[in-house]
Every structure is written in C-alpha cells, then in structure tokens.
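Here's a quick briefing to read alongside the model. Have the viewer open and follow along topic by topic.

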Amino acid sequence: VESAFHDFNIKHFVPVGTGLQNKVILSPHNEVDKSHFLDPTTASVIHVDHIREAVLDSSPAERESLKEATFRVPLQEAADRYLQAHFPQGCISVFTKQPETSAQAYCGVICVHASAINKSSFWSGRWKGEFVVTFTSETAAQVAGHVEDIVHYYEDGNVMVSCAISDTVQIMAKDLARCCGKVLAAVSALEGRLHQGLQEGCAELSEAALKDLRRRLPRTKQLFDFTSASHRLANELARKAAATQ
C-alpha cells in the first residue's frame, strides 16, 4: 500500500511540511530513496510517511557546492515571490539537476504544486508545473516547461478532466537576479496560457456540449408537471390503466 502512495505522491508533486512554515515537494528530482527526500532549503534529508504525507524525522544533507548555491538560491527566491503572487496556498521547490554537458553552467528544476478539495461539493483539483531551467551563464538560460491541471468530480458518478501544455523559451538578461526573474516570468506566461485556455474551454463547454445534455423544454418554455393529476394526459393514462385491470 505504501508503495502506491509513494508513486502517487511523487507523480503529483505532493508537498510535505518540514518546518513551521516550510514545505518541500516530493518528486523524482529530490528522491534519495522511496522514503527519503532532499530539502535543499533546509539542507536536510527528510524521512517521509507517504500514507500520512508527514515528515517523520530529518538528517543533515551533503552540502551543495558554491556554484550550485549561486544559481539555486536566487532561483528559489524568485520562485517564492511567484508563489506568493499566484499560489499563496501552494508549494514551489527548486532542485539542482545534473547538467547534461560541460557547456551548461547550471541546471535546475522548478516544481509547482497547488490543490483544492471540496468534499461537500464532491470535487477536487490539482495543478502541477515542472520547469527545467538550463543556464549557460549567469545571463542566459533556457526554460522547458510542462503544466497540467486535473479536476475530479465524483457526485453520483466519476468525471475527470485533464489538460496540459508544454513549451520552451530562451532567456537573456543583464545579470543573474534579472535572469531568474525572467525565468519565473516565463513560468507565469506558460501557466497563464493554460489557465486562459481552461477558461475559454469551460465557457464553450457550457454554451455547447452541456446544453446538448440538458432535457429541452417545449416551445412554450414552460415546465411540464408530470406529477399533477389535473393534466389531461395524466387523466387519460389513468383511465387506460384502469381499463386494463
């Protein structure tokens, strides 16, 4: 059972609390083993209970290199500002990734998670973003992003809507701080495109597809009371039923 929870948690970037106000996302990018994950913000390795989504304990992590910290820290700071502006109840984590070539100065992954659950109305939703940021210098980077949204409605049925978007953009700036800011602007732009597409899709769905599912009213636009015995149709049905007895 715990293995299934582990797979779900890292697939959906489920966050866990590691301190008074600190959270870290569980993902393949910071997984040490199935129950231990790196939290770069607190420089610790946390022991996770996947079923309860809770941290059991922690231990010091291996210190990141000065070069890694030079890029990751300002990127996390820019990500934190983005989170407060767009997902106050969400979580965002920046993890260092092994560069694929020597031409890459630094490679990191920005993971975004936000969720909303309304049990009384039988729905839940999850927002997930994954952005691989490759710096060739302190003033140039590439952002390869993928954002997806999953909504689940389960009152007297089971309806799930999933949508996603991916894109890659190039970033140029005068210094590292501005470059990190532009990286998060690219994150915002891609997530904004998905959000706009969702709004337009929902509006079209309401005006087209959902209308076709509704029972149409007669030309008079008046509701037909099938339960009333005063209607002639109801009386006729009642007489025919009596005649056949």
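Two strands count as paired here if DSSP finds at least two bridges between them. With that in hand, take the hairpin of strand 10 and strand 11: five residues sit between the strands, and D156 has a positive phi near 50°. Keep in mind that this is a predicted model.

**The big picture**

- The protein has five helices and eleven strands.
- Of its 245 residues, 34% count as buried.
- Looking at contacts with a separation of 6 or more, 48% come from residues 24 or more positions apart.
- About 15,400 Å² is exposed, and carbon and sulfur atoms supply 55% of that.

**Helix 1 and what sits on it**

- Which residues of helix 1 are buried? In this helix, which spans residues 2-11, they are H6, N9 and I10. They sit on the same side of helix 1 because they cover an arc of only 90° around the axis.
- As a general point, an α-helix has 3.6 residues a turn, so residues three or four places apart point the same way.
- Over on the other side of helix 1, A4 and K11 are exposed.
- The cover for the buried residues of helix 1 includes strand 3 (31-33) and strand 4 (36-39).

**F13, just past the helix**

- F13 follows helix 1 and belongs to the loop between helix 1 and strand 1 (15-17).
- Its phi is positive, about 55°, although F13 is not a glycine. For background, most residues other than glycine have a negative phi.
- Is F13 buried or exposed? With a relative accessibility of 2%, F13 counts as buried.
- The ring of F13 also has company: the charged end of K128 sits over it, 4.6 Å from the ring centre.

**Another positive phi**

- E53 is also a residue other than glycine with a positive phi, in this case near 50°.
- You'll find E53 in the loop between strand 5 (44-49) and strand 6 (54-60).
- E53 has a relative accessibility of 37%, so it counts as partly exposed.

**Aromatic pairs**

- How many aromatic pairs does a search of the whole structure find? The search turns up six.
- One of them is Y82 with F87: the ring centres are 6.3 Å apart and the planes are at 65°, so this pair is edge-to-face. Y82 and F87 are both buried.
- F87 also pairs with W127, this time in a tilted arrangement, at 6.1 Å centre to centre and 40° between the planes.
- The F87 and W127 pair ties together parts that are 40 residues apart in sequence, because F87 lies in the loop between helix 2 (66-86) and strand 7 (91-97) while W127 is in strand 9 (residues 123-137).
- F87 counts as buried at 15% relative accessibility, and W127 is buried too, with a relative accessible area of 10%.
- Elsewhere, ring pairs link F71, Y106 and F135 into a cluster.

**Strands 8 to 11: hairpin after hairpin**

- Strand 8 (residues 106-118) and strand 9 run antiparallel, joined by 13 bridges. C111 has E130 in strand 9 as its bridge partner.
- Four residues lie between strand 8 and strand 9 in their hairpin, and F122 in the turn has a positive phi of about 65°.
- Strand 9 then pairs with strand 10 (residues 140-153), again in the antiparallel sense, over 14 bridges. In this pairing, R126 stands opposite I150 in strand 10.
- The hairpin from strand 9 to strand 10 goes through two residues.
- Strand 10 and strand 11 are antiparallel as well, with 14 bridges joining them.

**A closer look at A164**

- A164 lies in strand 11 (residues 159-172), where it is the bridge partner of E148.
- What is A164 in contact with, leaving aside its neighbours within four places in sequence? The answer is H146, V147, E148 and L194.
- A164 and D149 are 15 residues apart along the chain, and their C-alpha atoms are separated by 6.4 Å.
- A164 is partly exposed, with a relative accessible area of 48%.
- A general reminder for strands: in a regular one, the side chains alternate between the two faces of the sheet.

Key
Residues numbered from 1 in each chain as written. Predicted model: local features only at pLDDT ≥ 70, side-chain atom pairs only at ≥ 80, totals over all residues. Heavy atoms only, no water. Buried < 20%, exposed > 50% of the residue type's maximum accessible area, 1.4 Å probe, protein only. Arc of directions from axis to C-beta. Contact = heavy atoms within 4.5 Å. Areas by Shrake-Rupley, 256 points an atom, 1.4 Å probe, with all protein chains shown as cover. Phe/Tyr/Trp six-rings, centres within 6.5 Å; stacked < 30°, edge-to-face > 60°. Lys NZ or Arg CZ within 6 Å of the ring centre and 35° of its normal.
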